[in-house]
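Open the model in your viewer and keep the selection panel handy. We will go from stop to stop, selecting as we go.

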Number of protein chains: 2
Amino acid sequence: MTSPPFEDGSGTTLPFERAEYAARLAKTRAAMNAAGLDMLLVSDPSNMAWLTGYDGWSFYTHQAVIVPGEGDPFWWGRAMDARGARRTVWMGDDAIVGYEDHYVQNPDLHPMEALGDLLAARGLARGRIGVEMDNYYYSAKAHQALAERLEGCALIDAEGLINWQRAVKSPAELSFMRRAARIVQAMHGMIAEIAEPGLAKNVLVAEIMKAGTLGADGHWGDYPAIMPLTPSGMDATAPHLTWDDRPMQAGEATFFEIAGVYRRYHCPQSRTVFLGEPPQRYRDAERAVLLAVDAGLAAGQPGRTCGDMADAFFDTLEAHGFSKDSRAGYSIGLSYPPDWGERTMSIRRGDPTVLEPGMTLHFMPALWLDDGGLEITEPVVITDTGAQCLTETPRGLVVK
Amino acid sequence: MTSPPFEDGSGTTLPFERAEYAARLAKTRAAMNAAGLDMLLVSDPSNMAWLTGYDGWSFYTHQAVIVPGEGDPFWWGRAMDARGARRTVWMGDDAIVGYEDHYVQNPDLHPMEALGDLLAARGLARGRIGVEMDNYYYSAKAHQALAERLEGCALIDAEGLINWQRAVKSPAELSFMRRAARIVQAMHGMIAEIAEPGLAKNVLVAEIMKAGTLGADGHWGDYPAIMPLTPSGMDATAPHLTWDDRPMQAGEATFFEIAGVYRRYHCPQSRTVFLGEPPQRYRDAERAVLLAVDAGLAAGQPGRTCGDMADAFFDTLEAHGFSKDSRAGYSIGLSYPPDWGERTMSIRRGDPTVLEPGMTLHFMPALWLDDGGLEITEPVVITDTGAQCLTETPRGLVVK
């Protein structure tokens, strides 16, 4: 496999070869046909990038990739971002359409009005049109404005249609995931090295951000779809707090939920640092989690389900006296903020998703106890022979 | 003024004093009354934080602050994040309600169904309910699920209702903005110091991320709502590209659109570095922009409008032979990803917003030319006597 970026001579650079995008489009078309869709409007930046290569921090304004029933997809967005599309998508310039800037954050106009007019002009305002109803970047107002402009069309909920096509990674994607894994492993190694009582949390996070961006093993680091979550002590009883400048303290646990990222592919992993001697109850929790992780990984066989992994994990955890009232993982891969999950399968009792080789998951058995948090997590790839951890980060509590 | 964080003895820390939150709630209630709303559902994380103090990276699942017609607002979200709410909001524990984890990213259920039931149980499922129709975190599906559950209520578009209350900053907020300004000034100083031909872009960005998180003048740095935008050469003809590992090159311009952030308050600022001797055409563009910035700043008087600032800016730019087909700025303050703007006023011809002392704006006169980009921008505060720059970052191109 040659290495990215791939250049086509026109100034465009792509993370994958053209054949990979063709295969993705073919999978998407098959799913569209199965759902009886004439057209698909893709608002999720991760899905836009997966289909076309588009990469830019422009998702704070309305934009989309439109997949008609046949032919190339086209990119639609703010006119100034059409310039970025020309640098990053595999389609030609005639498949890039910008709307004028006065539509942006203007209470009297909505960009979806412009899109409706464009679709009508191209003869695409007809039939069953898929939209990603629960995506962050397809707002209630966007849907309302589009529906008004596309009277006579049926807007069909196609939430997750592309996300599910992304579940099984190609060999090229798996190589990206492994590069991201090396990065997060390096980040955790650095944290274990420098964490100590008195270190201001933001100073430690500054080093985490630096390490993640430098990358590892000659591969540069991209930005994470979720900022480092690094709470200590009682703040670590909650899962999603970020940081301030309070110093780390002896006797406290701090978890670090972070990701290594290579060309938008995420390998998240959490580890927990305890400064001083952990109390027995905390050691008991660690032991229960590690045994439950082993059980969950053993159940991660192709042909079994996410629900089977969850059953193995939760049964073992509960047998050792702990419980958890939230899911224990989710699918991972290409992502943009605000979520590094793919929003498809979950490691949750009853989840019927059948595991297949090439799926990648963040097995995320976090405990948020009443007096502190414990996160020891494993990003995994499902192989022919079972779940394989993507990193070699030492498992278990980091005690310093 | 005493300094944050403010602790209330229950383990909660707040960035502002309680009186500030009371004043914000009173302003919000007045706006609700003016709009004839019985209740307001706040989905925008920036608005949630401004009203209640809530701070966590949990906005990738559905959550809200609900402001009833009278009494305290309440926080609603995923059960695990109720723990984070207890650590960060000024309301008591009885004003924090979590929904169960099986609602999360589950195609068969939607969290808004749980919210609808909760509102009904509290006697709030009646009358005119404001919703933020165009917010990233109020999806088409969220609206649909809520509307189905709240039959008989009128869901009214209240997009921007709170954002507009945030436009004029309090003295405490202005002190946060000035701290953020010192941070971005330090970041640009560092960039000017280390940028050089051959430096891999991600290595430079690693230092930017580190500097932003370390903070400045004894104030720690928070994460930005937009990652550093740092394109070089032809990539800088586009506004929103991020980075990779290609080295900086002699003869190329690179712009750095970054923000200093203090407790979620953003001070964005862009500067452009040219390695080598800029061509005359580029110097001409710089001169035109600097004169146009001066003209725009001079027009930034209280009582005049954003449109007046835009006219002064665009007229001057055009008189010097350059043009720009996008807005030249927007309101700034408290923000969460994906946008550090407040999404209210824009520096755009015809914008009728009357400038008032205490407003803060990113005056953003960027040019994306056919052969490169030029961004030299100024975050400003409107004072009694006019627009005042928040930083002392030297204006003009950085030539090395």
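The tour below starts with the pair of chains and then moves to single strands, residues and peptide bonds.

**Before you start**

This is a predicted model: local features need pLDDT of at least 70, side-chain atom pairs count only at pLDDT 80 or more, and totals for chains, interfaces and linings use all residues. Residues are numbered from 1 along each chain as its sequence is written, chains are lettered from A and ligands numbered from 1 in the order in which they are written, and side-chain values use heavy atoms, with hydrogens and water left out.

**Stop 1: both chains**

Colour chain A and chain B separately. Two copies of a chain are related by a rotation about an axis and a shift along it. Here a turn of 180 degrees with a shift of 0.0 Å along the axis lays chain B on chain A, at an RMSD of 0.0 Å. The superposition is by least squares on the C-alpha atoms of residues with pLDDT of at least 70 in both copies. That is the relation of a two-fold axis. The same surface serves both copies, as 100% of the contact residues of chain B recur in chain A. Contact means heavy atoms within 4.5 Å.

**Stop 2: the interface**

How many residues does the contact take from each chain? Select them: 74 come from chain B and 74 from chain A. The area buried between the chains is about 6600 Å², and carbon and sulfur atoms give 57% of that. Buried area is the accessible area (1.4 Å probe) that two parts lose on being put together, summed over both.

Now pick Trp57(B), Tyr60(B) and His240(B). These residues supply 11% of the area that chain B buries against chain A, more than any other three.

Next, show the polar links. Chain B and chain A share 49 residue pairs in polar contact, both residues at pLDDT 80 or more. A polar contact is a pair of N or O atoms within 3.5 Å; within protein, one must be able to donate a hydrogen and the other to accept it, and residues adjacent in sequence count only if both atoms are side-chain atoms. There are also 9 salt bridges between the chains. A salt bridge puts a side-chain nitrogen of Lys or Arg within 4 Å of a carboxyl oxygen of Asp or Glu. Zoom in on Asp157(A) and Lys141(B): they form a salt bridge, with the closest N and O atoms 3.5 Å apart.

Which elements of chain B each supply at least two residues of the side that touches chain A? Helix 3 (79–88), helix 5 (140–149), helix 8 (201–214), strand 12 (341–346) and strand 14 (367–369) do. Helix 8 of chain B gives the largest share, 9 residues. Helices (H or I, at least four residues) and strands (E, at least two) are DSSP runs, numbered from the N terminus.

**Stop 3: strand 13 of chain B**

Select residues 360–363 of chain B. Both faces of this strand are covered: Thr360(B) and His362(B) on one side, Leu361(B) and Phe363(B) on the other, are all buried. Buried means under 20% relative accessible area, exposed over 50%, partly exposed in between (1.4 Å probe, protein chains only).

Add strand 11 (residues 329–332) of chain B, which pairs antiparallel with strand 13 over 3 bridges. Two strands pair if DSSP finds at least two bridges between them. Gly329(B) stands opposite Phe363(B). Then add strand 16 (residues 378–383) of chain B, joined to strand 13 by 4 bridges, also antiparallel. Pro379(B) is the bridge partner of His362(B) there.

**Stop 4: an open sheet in chain A**

Show strands 9, 10 and 18 of chain A. These 3 strands form an open sheet in the order 9-10-18, with mixed pairing. Strand 9 (253–262) and strand 18 (398–399) are at the edges with a single partner strand each, so one side of each has no neighbour in the sheet. Strand 9 runs antiparallel to strand 10 (residues 265–274), joined by 10 bridges. Ile258(A) stands opposite Gln269(A).

Step into the loop between strand 9 and strand 10 and select Arg263(A). Arg263(A) has a positive phi of about 45 degrees, although not a glycine. At 12% relative accessibility, Arg263(A) counts as buried.

**Stop 5: Ser46(A)**

Ser46(A) is in helix 2 (residues 45–52) of chain A. Buried or exposed? At 2% relative accessibility, Ser46(A) counts as buried. A polar atom of the Ser46(A) side chain lies 3.2 Å from the backbone nitrogen of Tyr336(A).

**Last stop: a cis bond**

Select Pro337(A) and Pro338(A): the peptide bond from one to the other is cis, with omega near 10 degrees. Pro338(A) is in the loop between strand 11 (329–332) and strand 12 (341–346) of chain A. In chain B, a cis peptide bond joins Pro337(B) and Pro338(B), with omega about 10 degrees.
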